[in-house]
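Open your viewer and get a selection box ready. We'll hop from one stop to the next, picking residues and looking at what sits around them.

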Amino acid sequence: MNLNMNNPNTNIKISRMFIFSYYKRLILQSLFTLYFCFSLNAHITQDSVILSAMKDELNRNINDLSLPGYDKPFYIAYTIVDVQNFEVNATLGALLSSDDDRYKDWHVRVMVGDYDLNDENYSYTKPQEAIFRPSIQMPAEDDYLGIRRSLWLTTNNVYHSAAQTYKSKVDLIKHKQLNKSDLEIPDFSKAPVENIYINSPMLRYNKHDLEQKARSISAVLKKYAEIHASGASLSVVESVVYFVNSEGSVVRYPLSLASVTVYAETMAEDGETIKHGITYVENDPDKLPSADSIIEDTKILAENLIELRNAVRLEENYSGPVLLQNEAAAGLFENLFFNKSENLIASRESLQSSSQMNVYYSQNDFSLESKIDKLVIAKNLSVISKPGLKKYNEIPLLGSFIIDAEGVIPQKNLILIEKGVLKTLLNGRTPSRNVPESNGHNRFSYSEGNFIKQVGPGVIKVENTEGIAFEQLKKSLIEQGKEEGLTEVILIKPLNVGGSVKPMNIYSIAVKTGEEHLLRGLKIIPAELSVLKRNVACSDNYFVSNVMVKVSYPSDMIQRNYLTGSLGLEGMPASFIVPDAVLIDEMNFSPIRKSLTSLTPTISNPVK
């Protein structure tokens with residue numbers, strides 16, 4: 001368009017254009033301001049409804065709740081996790097499912113007695129549970145009366161159980177003519193009152209875009225006839241945690257996670273099933289890798305599976321030195337510190353009553369409690385919890401957190417092991433014999449849509465004072481093999497793809513030639529913590545592993561993929577900062593037995 005500034009008609013047109021442009025900007029600014037205020041007010045309204053319902057019902061119960069002949073509660077805590085959950089699953093480019101759900105996950109804790117002696121940590125003939133998941137539904141929407149009614153009924157039920165348990169516990173102690181001072185471990189630790197409100201922008205994700213991303217990733221495996229089963233899943237969990245207790249703490253903070261998982265399965269000619277997968281985890285779906293990047297990783301995954309079909313089988317047991325790289329090294333530390341019977345988590349001994357009315361503390365056979373101030377790993381290693389650390393070498397840390405699920409702010413630097421000597425253990429507000437107070441590590445673990453409270457790690461750093469270059473570690477691996485009369489030694493390294501959880505390839509290295517061969521048909525015999533007490537050599541570089549940890553306790557040890565972790569959005573978000581290579585002087589492997597019958601499909605795969 002040509003504009004003639006000397007033409008009076010043109011001047012009129014220009015004036016009108018400027019006026020229109022001015023008012024257009026004014027209207028747009030007003031609309032944006034209204035939208036921002038509406039969004040902010042929506043947040044405030046939502047929070048005020050949920051927190052008001054929680055505080056009002058808590059105050060009513062702590063003041064009025066009682067039963068004739070029983071003590072009143074001295075502590076009540078409510079937790080509500082307001083959740084928006086999206087999950088999509090696809091295979092070969094087609095959707096299997098797509099679910100978008102909003103709900104509230106919630107917890108009620110009621111204690112009768114006092115901090116020294118209450119209804120918890122006690123088992124008798126008919127055990128009662130003082131903390132449990134409610135069966136009464138809470139409205140997904142922010143309805144003040146609906147929330148209060150759910151809390152009211154559940155609080156009533158938990159209180160009845162807690163009051164009866166406490167009375168039984170006190171009666172037993174009186175019957176045995178014991179005093180409170182005779183009990184060796186208090187039942188609940190005091191903690192500072194916290195009022196923390198952490199605001200957060202709502203995650204903005206497009207359901208259609210995420211579905212298309214799952215389709216496109218899963219479709220790439222159409223090209224591989226050797227793959228018998230495959231798929232891609234994408235999950236987004238956006239939640240806000242609300243916590244109040246009768247001590248006066250009021251806490252609100254965001255807790256969001258997003259993941260993509262790709263898996264594939266094939267079968268070797270001898271019938272061995274070979275499965276591999278990759279999981280990417282972030283706290284925001286926008287931070288996940290692009291579809292193109294994941295597709296390239298998926299191709300590498302598929303080609304690696306095909307290579308494994310023809311890999312050498314382990315034919316006999318192996319016991320000897322092993323060198324672990326990157327995620328394999330991180331996986332070793334994660335397993336030894338948090339997935340074994342002796343782990344870095346405090347273990348409470350509960351008060352027991354036998355049929356003969358004897359009173360005793362349960363035996364704590366699987367705990368490191370008795371080893372505090374003793375050497376538990378090599379002197380060149382220290383382990384430190386750094387929950388508030390947000391980045392390491394500019395890498396964001398998934399496990400970073402500000403406050404735990406019990407409303408306790410964790411210590412910034414908690415030394416767990418110093419130069420091989422155990423100093424303390426992670427704990428919440430339930431005292432153990434040697435860790436009497438909380439250090440702020442009662443966290444949320446996510447499982448099948450539920451948020452479960454348990455003590456576990458956030459950010460863990462393994463420090464090494466005697467760093468060795470990787471090539472020197474590899475030479476030492478081969479030299480140790482020669483000294484032990486072995487013909488081959490073992491190297492474990494992750495597949496060269498992105499992701500938090502990825503396949504671990506196991507190689508045999510010939511001690512004479514240094515030649516590497518990919519192995520299959522073997523399983524790792526899980527090591528114990530004592531493996532780190534012997535000769536442990538670590539690299540001079542550090543590596544960050546962001547994973548979802550499945551914390552195990554002695555009473556509920558779970559099966560998991562050793563070193564590789566578990567696929568999908570399951571567990572507790574954690575970060576491990578560890579040496580990027582670790583040489584262990586002895587690990588054990590055993591061959592997987594071959595099937596005596598053919599399990600391969602009779603006719604060929606229709607996907608070609």
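To warm up, select Glu516: is it buried, partly exposed or exposed? Glu516 is partly exposed, at 28% relative accessible area; here buried means under 20%, exposed over 50% and partly exposed in between, with a 1.4 Å probe and protein chains only.

Before moving on, some housekeeping. This is a predicted model, so local features need pLDDT of at least 70 and side-chain atom pairs count only at pLDDT 80 or more, while totals for chains, interfaces and linings use all residues. Residues are numbered from 1 along each chain as its sequence is written, and side-chain values use heavy atoms, with hydrogens and water left out.

**Salt bridges**

Keep Glu516 selected and add Lys493. The two form a salt bridge, with their closest N and O atoms 3.9 Å apart; the term means a side-chain nitrogen of Lys or Arg within 4 Å of a carboxyl oxygen of Asp or Glu. The pair links distant parts of the chain, 23 residues apart: Glu516 is in strand 24 (residues 516-520) and Lys493 in strand 22 (residues 488-494). Helices (H or I, at least four residues) and strands (E, at least two) are DSSP runs, numbered from the N terminus. Lys493 is partly exposed too, at 25%.

How many salt bridges does the structure hold? There are 28, and a few more deserve a click.

Go to Glu342 and Lys371, whose side chains meet at 3.0 Å, N to O. Glu342 sits in the loop between helix 5 (327-338) and strand 11 (351-353), and Lys371 in the loop between strand 12 (359-361) and strand 13 (381-385), so this salt bridge ties together parts that are 29 residues apart in sequence. Glu342 counts as partly exposed at 24%, and Lys371 does at 29%.

Now try Arg60 and Glu57, with 2.7 Å between the closest N and O atoms of their salt bridge. Both belong to helix 1 (residues 8-64) and are three residues apart, about one turn of the helix. Check the surface here: Arg60 is partly exposed at 37%, whereas Glu57 is buried at 1%.

Finally, select Asp82, Arg102, Lys104 and Asp142 together to see a network of salt bridges.

**A buried strand residue**

Stay with Asp82 and bring in Val241: they are 159 residues apart in sequence, yet their C-alpha atoms are 6.5 Å apart in space. Val241 lies in strand 6 (residues 229-245) and is buried, with 1% relative accessible area. Which residues is Val241 in contact with, its neighbours within four places in sequence aside? Show Thr79, Ile80, Val81, Val251, Arg252, Tyr253, Leu255 and Phe444; contact means heavy atoms within 4.5 Å.

**The cores**

Next, color Phe337, Leu344, Ile492, Leu532 and Phe589. These residues have the most contacts inside the largest nonpolar core, which has 102 residues. A nonpolar core is a set of buried Ala, Val, Leu, Ile, Met, Phe, Trp, Tyr and Cys residues joined through side-chain atoms within 4.5 Å. Helix 5 gives the most to this core, with eight residues. Zoom in on Leu532: beyond its neighbours within four places in sequence, Leu532 touches Phe333, Leu336, Phe337, Ile377, Ala378 and Ile584. Apart from this core lies another one of 33 residues, including Ala53, Leu58, Tyr122 and Ala163.

**The six-stranded sheet**

Switch to cartoon and find the open sheet with strand order 17-16-13-20-28-27 and mixed pairing. Two strands pair if DSSP finds at least two bridges between them. Strand 17 (421-422) and strand 27 (542-549) are the edges; each has a single partner strand, so one side of each lacks a neighbour in the sheet. Helix 5 packs on this sheet, touching strands 13, 16, 20 (459-464), 27 and 28 (572-579), and its direction makes about 115° with that of strand 28. That angle is taken between N-to-C directions, from 0 to 180 degrees, using lines fitted to C-alpha atoms, for helices over the stretch in contact.

At the edge, strand 16 (residues 414-418) and strand 17 run antiparallel, joined by two bridges. One to pick out: Glu418 has Val421 in strand 17 as its bridge partner.

**Two unusual backbones**

Most residues other than glycine have a negative phi. Gln177 has a positive one, about 55°, although it is not a glycine. Look for Gln177 in the loop between helix 2 (144-175) and strand 5 (195-197), where Gln177 is exposed at 71%. Last stop: Asn326, also not a glycine, has a positive phi of about 45°. Asn326 is in the loop between strand 10 (318-325) and helix 5 and is partly exposed at 24%.
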